[in-house]
Amino acid sequence: MTATGLGFDLHATDGAARRGTLTTAHGTVETPAFMPVGTAGTVKGMMPGSVRSTGAQILLGNTYHLMLRPTAERVAQLGGLHRFMNWHGPILTDSGGFQVMSLSDLRKMSEDGVTFKSHLDGKRHHLTPERSMQIQHLLDSNVTMCLDECTAFPATHEVAEKSMNLSMRWAQRSRDAFVERNGYGLFGIVQGSVYPDLRAESVKALTDIGFDGYAVGGLAVGEGQQMMFDTLDVTTPLLPRERPRYLMGVGKPSDIIGAVRRGIDMFDCVMPTRSGRTGQAFVRRGVLNIRNARHGHDDRPLDEKCGCPACRSYSRGYLHHLFKAGEMLGPMLLTWHNLTYYQELMADLRRAIEKGCFEERAAELEAQLALGDIPAIPDPLAGTPAAEAETSETAEGAADEEIHSVPVDL
């Protein structure tokens, strides 16, 4: 059985890297693509038009959070998620499986589904593959995800096998419950932890069922980048060439470059938005913490090659001030910048694949990321009360805080 609700065309390949177009009822998506996370019907700190201006073409919504508040039925009554959040491009919704796993102390698994307590009010809910499909249908999601159990890491082979087999049975039930229509599709999710034989079994089970696309789940959960890449090395070659491939919950720019190198087409992660809210900015030379005192007297932009509003109109010194003063404009501008950086990275990778120079460009980008931030400049007011006040308020860190992949935004 082969699903055909979504169109996917491959335009170019360079090694395993792929350049394509995903076609949905709400528009097309150029791949490789990064999906900003709109957990509760909004990308935090951003207006929909601002998100679109970064180059984003598709957003991710969250089944777990929306089913609890305001409920899928309420979203449907108000016109569906596109109208509800004023985003008229494609939307992918996750199944809720990861959130249930992350709230393991509140859940009870069974063959039928999972019973859990809401983190909002403690009420009990029962989520089954059929209910997950119903919720995502009510939300009017263009790309629906099967309900699965995201296997925790580390897991023994026995535990991972049991979890994977349950997810495959749920995948069949999700396929059976999904309502087919033009421009809408269902993705299966490959599980199996870091075990090659289990990943291969999972791919076989999913391709026998037939899906519009295939996600690789159960990664970016603590296994580390190299183990993630090793798992992709044995998984992506097994996936159907003609269908899109989605790596869930990833991640850092270096993760994305490495995964595109291995044939992944779609990504999502809360990292650019969550980092923006906490003062961390992604730039071509890596990552910086705008709260660090070195930025307080710096009149240079975050990234001189970036055209986002934060870089075009404001200095590092001003952004530093906003965060120190607790002004909401700081997180908004840094979020805008980070999302722009991610979209520009994806566009860069797409161009490189089209030109047949992916490896050369990827190596350049990886070398840039390893450089670290531009050198600090001396404070013209050093030794004055102004500088002393700043130094006493914010001690200079030895290094910017390292950012790790985080696949969910609560």
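**Close-up 1. D140, in the loop between α6 and β10.** In this predicted model, D140 sits in the loop that runs between α6 (129-139) and β10. Its phi is near 70 degrees, and that is a positive value in a residue other than glycine.

**Close-up 2. T71, another residue with positive phi.** Look in the loop between α2 (63-68) and α3 (72-77) and you'll find T71. Phi here is near 95 degrees, again positive in a residue that isn't glycine. With a relative accessible area of 26%, T71 is partly exposed, since buried would call for under 20% and exposed for over 50%.

**Close-up 3. V75, in helix α3.** V75 belongs to helix α3. Its relative accessible area is 0%, so V75 is buried. Who are its partners once neighbours within four places in sequence are left aside? V75 is in contact with P70, G80, L81, F84 and L139. Don't expect to find T207 alongside: V75 and T207 are 132 residues apart in sequence, and their C-alpha atoms are 32 Å apart in space.

**Close-up 4. The cis peptide bond from F153 to P154.** Zoom in on the link between F153 and P154 and you'll see a cis peptide bond, with omega near 0 degrees. P154 is part of the loop between β10 (143-145) and α7 (157-177).

**Close-up 5. The cis peptide bond between V250 and G251.** Here is another peptide bond to look at: V250 and G251 are joined in cis, with omega about -5 degrees. G251 lies in the loop between β13 (245-247) and α10.

**Close-up 6. T235, in helix α9.** T235 has its place in helix α9, which covers residues 225-235. Is T235 buried or exposed? At 0% relative accessibility, it counts as buried. A polar atom of the T235 side chain lies 2.7 Å from the backbone oxygen of T231. Setting aside residues up to four places away in sequence, T235 touches V190, R199, V203 and V216.

**Close-up 7. Helix α15 and its buried face.** How far should the twelve residues of α15 (residues 358-369) reach? At 1.5 Å a residue, the expected span is 16 Å, and the end C-alpha atoms are indeed 16 Å apart, so the two agree. The buried residues of α15 are F358, A362, L365 and L369. Seen down the helix axis, the buried residues of α15 fall within an arc of 65 degrees, so they line one face of the helix. That fits a general pattern: an α-helix has 3.6 residues a turn, so residues three or four places apart point the same way. What do the buried residues of α15 pack against? Their partners are the strands β1 (7-14), β2 (17-24), β15 (280-283) and β16 (286-289), along with the helices α10 (253-261) and α14 (329-355).

**Close-up 8. Where α14 meets α15.** Two packed helices are described by the angle between their axes and the distance between the axes. For α14 and α15, the axes come within 8 Å and cross at roughly 150 degrees. Angles over 145 degrees count as roughly antiparallel, so α14 and α15 are roughly antiparallel to each other. On the α14 side, the contact is made by Y341, L345, D348, L349, A352 and I353. From α15 come F358, R361, L365 and L369. Among these, F358, L365 and L369 also appeared in the previous view as buried residues of α15.

Conventions
Residues are numbered from 1 along each chain as its sequence is written. This is a predicted model: local features need pLDDT of at least 70, side-chain atom pairs count only at pLDDT 80 or more; totals for chains, interfaces and linings use all residues. Side-chain values use heavy atoms; hydrogens and water are left out. Helices (H or I, at least four residues) and strands (E, at least two) are DSSP runs, numbered from the N terminus. The expected span of a helix is 1.5 Å times one less than its number of residues. Buried means under 20% relative accessible area, exposed over 50%, partly exposed in between (1.4 Å probe, protein chains only). The arc is that of the directions from the helix axis to the C-beta atoms. Contact means heavy atoms within 4.5 Å. A polar contact is a pair of N or O atoms within 3.5 Å; within protein, one must be able to donate a hydrogen and the other to accept it, and residues adjacent in sequence count only if both atoms are side-chain atoms. Axes are lines fitted to C-alpha atoms, for helices over the stretch in contact, and angles run from 0 to 180 degrees between N-to-C directions. Angles under 35 degrees count as roughly parallel, over 145 as roughly antiparallel, 65 to 115 as roughly perpendicular and the rest as oblique.
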